[in-house]
Amino acid sequence: MSKPLSTPGAERTPGIGRERQTEIYVRGISAQAPRVPVDFAALEARAREAMSPEAFAYVAGGAGMERTMVANRQGFEKWAIVPRMLRDVSVRDTSVEIFGTRYPSPYMLAPIGVLEMAHPEADLAVARAARRESVPMIFSNQASVPMEECARELGETPRFFQLYWSVSNELVKSLVARAEKAGCEAIVVTLDTTLLGWRTRDLDLAYLPFLRGKGIAQYTSDPVFRRLLKEDELDQEVGPERKVNLATIRVLMELAGNYPDGFFKSLTSGEALAAVRKFTGIYSRPSLTWEDLSFLRECTDLPIVLKGITAVEDARLAKEHGMDGIVVSNHGGRQVDGALSSIEALPAIAEAVGEDLTIFFDSGIRTGADVFKALALGADAVLLGRPYVYGLAAGGEEGVVEVLRNFKADFDLTMGLAGCRSVAEVKASRLHAR
Ligand code: FNR
């Protein structure tokens with residue numbers, strides 16, 4: 001039996017598409033343009049103007065020659081929607097059921113780290129927008145704000161926690177326990193980032209946010225991490241031949257400013273620098289294997305979702321290892337250059353495990369038509385990534401709200417115009433392979 005979502009907007013939303021169109025066009029009569037651009041390319045351009053070159057590169061960039069990012073988009077072009085006519089689509093139901101909860105729309109907010117690079121209110125602004133639009137949020141392990149603070153902003157809105165499996169199982173356990181306490185309804189383990197991809201734009205700017213104390217709030221707020229930090233010696237070397245000059249001092253000050261104990265204390269104690277050192281040594285475990293998943297299973301009764309699956313064999317292994325779901329994803333093309341696009345990977349995976357596992361999808365979703373195609377090819381829900389980060393950069397909380405409303409409206413209209421009254425009717429038979 002499905003548990004209805006008790007937040008506003010959980011009821012059927014027959015008119016979200018038309019409501020949103022009307023709102024925009026009516027405002028246009030008094031010469032008001034939408035708060036942030038509706039078109040993705042224009043939204044990205046607006047965000048770029050609002051962000052530092054380093055921040056934009058970090059969000060927009062991918063691995064190597066960014067061929068996976070290109071493939072993620074091109075993959076959608078291999079499918080065409082074939083609309084059906086005269087099917088009474090006056091009332092439409094865009095809700096989906098995930099792990100026994102009914103959500104008003106098939107969207108979730110993908111875990112995105114270091115949101116402070118897009119906007120100073122970072123994850124808090126996103127949580128407020130998620131609450132206003134009843135869209136579940138997946139807290140990133142690399143968030144700029146501790147999960148407990150975001151949970152408060154979310155109220156009753158559902159949330160998941162995304163885990164990067166640390167070298168320390170004790171830290172893994174602590175993060176999962178905190179997620180349970182913060183009301184998370186599932187744990188999403190990201191498997192595709194045990195090593196950081198070769199990200200050309202970031203390398204050329206020689207900029208990695210974590211080394212400046214950004215995006216490590218889940219760690220610095222964690223009791224196990226803080227204890228491990230204390231156990232370490234404070235005077236280790238960070239890396240070879242680090243030249244101290246004005247730029248280094250500026251970074252140290254930035255770093256201390258990002259540390260929760262306050263600027264002066266952390267600068268003088270050296271704890272902020274030690275936290276960054278500790279983070280770089282502890283955040284991921286490349287030696288992880290399928291056998292390790294049993295540890296996580298023992299840590300929690302929450303559903304476990306594996307993120308970063310594109311091989312059918314891995315989807316089958318996820319099922320064999322008792323996982324509850326997968327995210328078909330290539331991390332938005334940020335990890336392996338020249339990898340299979342997510343949308344190309346989806347149909348075979350859905351065929352292999354769709355009956356047994358909940359399938360989430362991300363990497364390349366830019367319009368309602370993309371969402372339609374992903375659902376038709378077997379996804380149960382989709383994760384929005386870069387589009388909401390650009391909304392955040394361009395307009396803070398309001399920008400994220402606008403992006404979410406646009407996505408919901410676009411999907412609602414696409415679904416209706418394709419002749420579908422509900423997500424259950426969004427099937428592969430509505431698609432034509434080009
Ligand atoms: C990400 N992604 C990501 N994934 C994750 O599991 N944990 C994380 O902390 C992050 N951080 C992150 C930062 C930035 C700036 C981006 C763009 C992406 C990946 C994210 O969850 C999702 O898989 C992709 O964003 C999907 O690709 P598109 O649709 O954004 O291109």
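The ligand occupies the largest cavity, a cavity being a set of points, on a 1 Å grid over the protein atoms alone, where a 1.4 Å probe fits but cannot get out. A molecule is taken to sit in a cavity if more than half of its atoms lie within 2 Å of its grid points. The model is predicted: local features need pLDDT of at least 70, side-chain atom pairs count only at pLDDT 80 or more, and totals for chains, interfaces and linings use all residues. Residues are numbered from 1 along each chain as its sequence is written, and side-chain values use heavy atoms, with hydrogens and water left out.

Around the ligand are 23 residues, of which Ser140, Thr190, Asp362, Arg366 and Arg386 come nearest; a residue is near if one of its heavy atoms lies within 4 Å. This shell comprises seven nonpolar, 11 polar and five charged residues, with Gly counted among the polar class.

Polar contacts (pairs of N or O atoms within 3.5 Å) involve nitrogen atoms of the ligand. One such atom is 2.9 Å from a side-chain N or O atom of glutamine 162. A polar backbone atom of glycine 113 is 3.0 Å from a ligand nitrogen, and a polar side-chain atom of histidine 331 lies 3.3 Å from a ligand nitrogen. Taken alone, the ligand exposes 610 Å², of which the protein buries 98% (Shrake-Rupley method, 1.4 Å probe).

The protein is divided into domain 1 (3–201 + 285–433) and domain 2 (217–281), with bounds from an automatic or database assignment. Their C-alpha centres lie 32 Å apart. The contact between them (heavy atoms within 4.5 Å) takes 19 residues from domain 1 and 13 residues from domain 2.

Terms used: A polar contact is a pair of N or O atoms within 3.5 Å; within protein, one must be able to donate a hydrogen and the other to accept it, and residues adjacent in sequence count only if both atoms are side-chain atoms. On a 1 Å grid over the protein atoms alone, a cavity is a set of points where a 1.4 Å probe fits but cannot get out, and a pocket is an open set with protein on both sides within 12 Å along at least five of seven lines; lining residues have an atom within 4 Å of a point.
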